[in-house]
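Thanks for making time this morning; I would like to walk you through one structure, moving from its charged pairs to a sheet and then to a cavity. Please keep the picture in view while I talk.

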Amino acid sequence: ICLSANGNDNKKFKGDDKMDGAPSRVLHIRKLPGEVTETEVIALGLPFGKVTNILMLKGKNQAFLELATEEAAITMVNYYSAVTPHLRNQPIYIQYSNHKELKTDNTLNQRAQAVLQAVTAVQATNAPISGTTVSESAVTPAQSPVLRIIIDNMYYPVTLDVLHQIFSKFGAVLKIITFTKNNQFQALLQYGDPVNAQQAKLALDGQNIYNACCTLRIDFSKLVNLNVKYNNDKSRDYTRPDLPSGDGQPALDPAIAAAFAKETSLLGM
């Protein structure tokens, strides 16, 4: 069965009524926020495998997402059955579609196709040299809300606060730990939701913090929770402003601690 798009999307597509259909590489996504973008929907599927097509039905707050293999779709549905997916702080629902293939050759779907091509190009550019595809390397650890960040060409210092400012655009950052390994500045950064980690990786991997330098290399960490003991310039737990600074330094100033608490609550809104 093929699902094809034409000029009467909202009339033609009645969606898939049954919640638990037979597995299909085409997934039906419902209850999407009205302002959600194609990139955000594609990001839901990227950790599980290559996304080969997308059809947005914004008038119905729905979308159809086609993955390269049925196995990838099964992995995605199984994961989101255990962890309710959210977009823009709103729960959404993912199920198998009754359709086995998505055909979107109409002019109305050009924007979605352009976004998909751009994302695919980014995936190909950032694929590991070993030949392992992004989807294969990300399937297992993608359930983690923790990102491992390596900064290449670090000609200017990158602080913990700079990282927080950049990554908090994609969701509430709970914890950050920075360190140097193999003469490279690295960081572990934990979000409150794995989907935020997926979106940040999609948008920021390969980008420069400053012009022509400080390139972000981002992957999913095998850790699912960071244990931060101190709040200082090397590590920070934004949920625990009461932590000491360590290294014999005085505990975090109460005024700063209050500011951290306020900032965390604002980010969580």
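Before I name any residue, let me fix one term: a residue is called buried when its relative accessible area is under 20%, exposed when that value is over 50%, and partly exposed in between. Please also bear in mind throughout that what you are looking at is a predicted model.

Let me begin with the charged side chains. As a general matter, side chains of opposite charge can pair when their charged atoms come close. How many salt bridges does the structure hold? There are five, and I will take you through some of them.

In one of them, the side chains of Glu40 and Arg88 meet, with 3.0 Å from N to O. This pair links distant parts of the chain, since Glu40 sits in helix α2, residues 38–45, while Arg88 belongs to the loop between β5 (86–87) and β6 (90–91), 48 residues apart. Are the two partners buried or partly exposed? Arg88 has a relative accessibility of 42%, so it counts as partly exposed, falling between the two cut-offs I gave. Glu40, on the other hand, has a relative accessible area of 14% and is therefore buried.

While we are on helix α2, let me point out Val41, which also lies there. Val41 is buried, with a relative accessible area of 0%. If you look for Ile29, which is 12 residues away from Val41 along the chain, you will find the C-alpha atoms of these two residues separated by 8.7 Å.

A further salt bridge is formed by the side chains of Arg25 and Glu66, at 3.4 Å from N to O. Arg25 is in the loop between α1 (9–12) and β2 (26–30), and Glu66 is in strand β4, residues 62–67, so this pair ties together parts of the chain that are 41 residues apart in sequence. Arg25 is partly exposed at 24% relative accessibility, whereas Glu66 is buried, with a relative accessible area of 5%.

The last pair I want to show joins Asp161 to Arg236, whose closest N and O atoms are 3.4 Å apart. Because Asp161 lies in helix α6 (residues 160–167) and Arg236 in strand β14 (residues 235–237), this salt bridge ties together parts that are 75 residues apart in sequence. Here Asp161 counts as partly exposed, at 46% relative accessibility, and Arg236 is buried, at 8% relative accessible area.

Strand β14 brings me to the sheet. Six strands form an open sheet with antiparallel pairing, and their order is β12-β13-β9-β11-β10-β14. Its edge strands are β12 (208–210) and β14, each of which pairs on one side only. On average, neighbouring strands of this sheet are turned by 25° against each other, with direction ignored. Within the sheet, strand β9 (residues 146–152) and strand β13 (residues 213–220) pair in the antiparallel sense over six bridges, and Ile151 stands opposite Leu216 in β13.

Finally, the cavities. The structure holds two of 30 Å³ or more, and the second largest has about 30 Å³ of space. Which residues line this second largest cavity? Among them are Leu32, Pro33, Gly34, Val36, Met56 and Leu57, together with Lys58, Asn61 and Gln62. By class, that lining has five nonpolar, three polar and one charged residues.

Terms used:
Residues numbered from 1 in each chain as written. Predicted model: local features only at pLDDT ≥ 70, side-chain atom pairs only at ≥ 80, totals over all residues. Heavy atoms only, no water. 1 Å grid on protein atoms, 1.4 Å probe; cavity = no way out; pocket = protein on both sides within 12 Å on 5 of 7 lines; lining within 4 Å. Points joined across faces, edges and corners; volume = space filled by probe spheres on them. Nonpolar A, V, L, I, M, F, W, Y, C, P; charged D, E, K, R; others polar. Salt bridge = Lys/Arg side-chain N within 4 Å of Asp/Glu carboxyl O. Helix = DSSP H or I, 4+ residues; strand = E, 2+ residues; numbered from the N terminus. Buried < 20%, exposed > 50% of the residue type's maximum accessible area, 1.4 Å probe, protein only. Pairing = 2+ DSSP bridges. Axes fitted to C-alpha atoms, helices over the stretch in contact; angles between N-to-C directions.
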